[in-house]
Amino acid sequence: MNTIKIIDFPIIQDSRGDLSFIENNDHIPFAIKRVYYLYNVPANVSRGGHAHKKLQQVLVAMSGSFDVSLDDGSDKQMVTLNSPAQGLLINHPMWRELKNFSSDAVCVVLASELYTEDDYYRDYDNFLAHVRNA
Ligand code: TYD
């Protein structure tokens, strides 16, 4: 499987609760150009179902939990995100699906590029053709 990485963010704990922070370059290996988030996702639906060409992303379960299935064209892997102090780095073209959202789940995505539809593989066979020729 192409590299995915779990990034542990710092946690500052005291009697008032926990504080985590995320800084460019230190915790995230790219400059963050965009932040988007998924919430109010029904329990029985999946999101994603695409891959990106150039985009690098870090996914964080800011609240609740969800599963991320990852497929680099050769291998498949499932990761459960359930902590606001951890991020999942995806920095290779990787077909992904997000599912099993808890009712309180908020998935925040830190992204290396602005949104452009041109960066998407929305067709699995196109994605496979790309990664197998890369
Ligand atoms: P999409 O990436 O397909 O969502 P998901 O991966 O969660 O299933 O995006 C859904 C719609 O939202 C699509 O019409 C594109 C639009 N969109 C933006 O306009 N800006 C963004 O930053 C993102 C991520 C999506």
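Among contacts in the protein between residues at least 6 apart in sequence, 77% join residues at least 24 apart, a share computed, like every value reported here, from a predicted model. The secondary structure in which these contacts occur comprises one helix and twelve strands, and the order of the elements from the N terminus is β-β-β-β-β-β-β-β-β-β-β-β-α, with the helix placed after the strands. The radius of gyration is 15 Å, close to the 14 Å that the globule rule gives for 134 residues, so the protein is as compact as a globular protein of that length. The C-alpha trace, taken along its principal axes, spans about 55 × 35 × 25 Å.

With respect to solvent accessibility, buried residues account for 40% of the 134 residues in the protein. The accessible surface amounts to about 7600 Å², and carbon and sulfur atoms contribute 46% of this area. A single position may serve as an illustration: G17 is located in strand 3, which covers residues 17-20, and its relative accessibility of 29% lies between the limits of 20% and 50%, so that G17 counts as partly exposed. The C-alpha atom of G17 is 20 Å from that of L81, a residue from which G17 is separated by 64 residues in sequence.

The ligand is surrounded by R34, Y36, L38, R47, G48, H50, Y115, Y120 and R122. When this shell is divided by residue class, four of its residues are nonpolar, two are polar and three are charged. Polar contacts to oxygen atoms of the ligand involve both side-chain and backbone atoms of the protein: an N or O atom in the side chain of R47 is found 2.9 Å from a ligand oxygen, while at G48 a backbone N or O atom lies 2.9 Å from an oxygen atom of the ligand. For H50, the separation between an N or O atom of the side chain and an oxygen atom of the ligand is 2.6 Å. On its own the ligand has 530 Å² of accessible area, of which the protein covers 62%. The elements that supply two or more residues to the shell are strand 4, comprising residues 34-39, and strand 5, comprising residues 47-52.

Methods: Residues numbered from 1 in each chain as written. Predicted model: local features only at pLDDT ≥ 70, side-chain atom pairs only at ≥ 80, totals over all residues. Heavy atoms only, no water. Near = heavy atom within 4 Å. Polar contact = N/O pair within 3.5 Å; in protein donor to acceptor, adjacent residues only side chain to side chain. Areas by Shrake-Rupley, 256 points an atom, 1.4 Å probe, with all protein chains shown as cover. Helix = DSSP H or I, 4+ residues; strand = E, 2+ residues; numbered from the N terminus. Nonpolar A, V, L, I, M, F, W, Y, C, P; charged D, E, K, R; others polar. Rg over C-alpha atoms; globule rule 2.2 N^0.38 Å. Buried < 20%, exposed > 50% of the residue type's maximum accessible area, 1.4 Å probe, protein only. Contact = heavy atoms within 4.5 Å.
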